[in-house]
Amino acid sequence: MTARSAFDVARVRALYPALADGHAYLDGAAGTQVPSAVIEAIADAYRAGIGNLGGAFEASGRSSGIVTAARTAVADLVGGAAEGVVFGPSATELAYRVSAALSRQWTADDEIVVSRLDHDSNIRPWIQAAGKVGAVVRWAEADLTTGELPTEQYADLVGPRTRLVAVTAASNSIGTRPDVPVIAGYAHAVGALCYVDGVHATPHVPVDIAALGADFYATSAYKWSGPHLAAVAAAPALLESVWPDKLAPSSNAVPWRFERGTLPFADLAGVTAAVDHLSSLAPGDAVGVPGASVASVTSVTSVTSRRERILASMAAVEAYEAALFARLLDGLAAMGHVTLYGKAARRAPTAFFNVAGVEPRTVAVHLAARGVNVWDGDNYAYELCTALGLEPGGAVRAGVVHYNDASDVDRLLAGLAELAH
Ligand SMILES: Cc1ncc(COP(=O)(O)O)c(C=O)c1O
């Protein structure tokens, strides 16, 4: 392997100021750190001066440009149309917005399908919206031994009364990546919509919402090195057919009518910077490297579109993370005192496990004292954890993202080894 073809994690880590504290940040599934380029983009927006939208002055125009650029960036990231990108404070809030709007067209004769594998933000808003109109809720079950979400069950779950199928692109606890195109195919065959929770998948794999069959695709920027906000991407024509509750004087145009109140303009500048960062991780890509010459940046950006660079970059991320995750899984599997949940064939690099005789929070405290950051609890994968018999304590979650390295994993394993009796 040449130096040019290797994923240069040292280079990537140097872009993240927070990593200088020496901690092993294996909590990326709950939110990532941000590179300097994102911090600077947010600060630069404030430094330059921004104003609310629609004003007669330059600073207002700058905010408008920031919003347009951020929509284009997210569209490039997921393979959608900029006019179909709706921003909101969180994926949870956007799921509530979309479910409230879509369910205006549902009746008690209708059905929706949710999955036991999902984060609660792609379950509860749909159940509550269905409840208001008396629509029936049907459940897709995860195989608790393998962690898979079998697609065959959708043949029974989806029928002529189905209006919506909600499913995750990756479980934020056990990592399972269901076969979304097949599941979406069941929905589309009966004219139903498919709402895909891409929050956990987006940081780890190249995303193509058309290939997934996602009518709506939710993603949270703070899971992929951006600020704390989220987006849902849909075809503009689909958004045109849906009317959310909105203020009378606010825009009726798509996607604006789905956005309530004033957008976080400076943070949206950070979203564009985060997407640019994600587009720059393929080996040999000079974008984002401190000290990279303007000429080398130009040469990379001029030969390919950002969308193409994102696909190449995220493929490199996926391959790098897979190798690191294998190291993590092998280490955990070798520990007799560790129980791992889920072993799906296709999964995001996220491990969910318990240590015999030690509460998940106690494990997390033990690891934190050794500079290893992991999450404990159900991570809002509440239905799955209940089915697994893990409520209320849940389990320990350790995941890798593209800025983690082998030493992070080894420190986790060393800390866990100390807990063997
Ligand atoms: C898979 C998944 N879906 C949804 C969410 C909720 O995202 P947000 O915090 O943007 O509401 C999370 C957050 O952890 C998640 O991991």
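How many cavities of 30 Å³ or more does the count come to? The count comes to one. A cavity here is a set of points, on a 1 Å grid over the protein atoms alone, where a 1.4 Å probe fits but cannot get out. Rolling a probe the size of a water molecule over the atoms shows where empty space is left.

This is a predicted model, in which local features need pLDDT of at least 70 and side-chain atom pairs count only at pLDDT 80 or more, while totals for chains, interfaces and linings use all residues. Residues are numbered from 1 along each chain as its sequence is written, and side-chain values use heavy atoms, with hydrogens and water left out.

**The cavity**

The largest cavity has a volume of about 30 Å³, a volume being the space filled by probe spheres set on the points, which are joined across faces, edges and corners. Its lining consists of Ala91, Ala95, Ser121, Asn122, Tyr195, Asp197 and Ala218; a lining residue has an atom within 4 Å of a point. Helix 4 (91-102) and strand 6 (193-197) are the elements that give two or more residues to this lining. Helices (H or I, at least four residues) and strands (E, at least two) are DSSP runs, numbered from the N terminus. By class, four lining residues are nonpolar, two are polar and one is charged. Ala and Tyr count as nonpolar and Asp as charged, while Ser and Asn fall among the others, which are polar.

**The two sheets**

Two strands pair if DSSP finds at least two bridges between them. Angles run from 0 to 180 degrees between N-to-C directions of axes, which are lines fitted to C-alpha atoms, for helices over the stretch in contact.

| Strand order | Pairing | Edge strands | Average turn between neighbouring strands |
|---|---|---|---|
| 2-8-7-6-5-3-4 | mixed | strand 2 (85-88), strand 4 (136-140) | 20° |
| 9-10-13-12 | antiparallel | strand 9 (338-340), strand 12 (375-377) | 35°, direction ignored |

Both sheets are open, one with seven strands and the other with four.

In the seven-stranded sheet, strand 6 runs parallel to strand 7 (residues 216-220), and three bridges join them. Asp197 stands opposite Ala218 of strand 7, and both residues also line the largest cavity. Helix 3 (residues 58-78) lies across strand 2, strand 7 and strand 8 (230-234), at about 115° to strand 2; contact means heavy atoms within 4.5 Å.

In the four-stranded sheet, strand 12 and strand 13 (residues 395-399) are antiparallel and pair over three bridges. There, Asp376 has Val396 in strand 13 as its bridge partner.

Technical notes. On a 1 Å grid over the protein atoms alone, a cavity is a set of points where a 1.4 Å probe fits but cannot get out, and a pocket is an open set with protein on both sides within 12 Å along at least five of seven lines; lining residues have an atom within 4 Å of a point.
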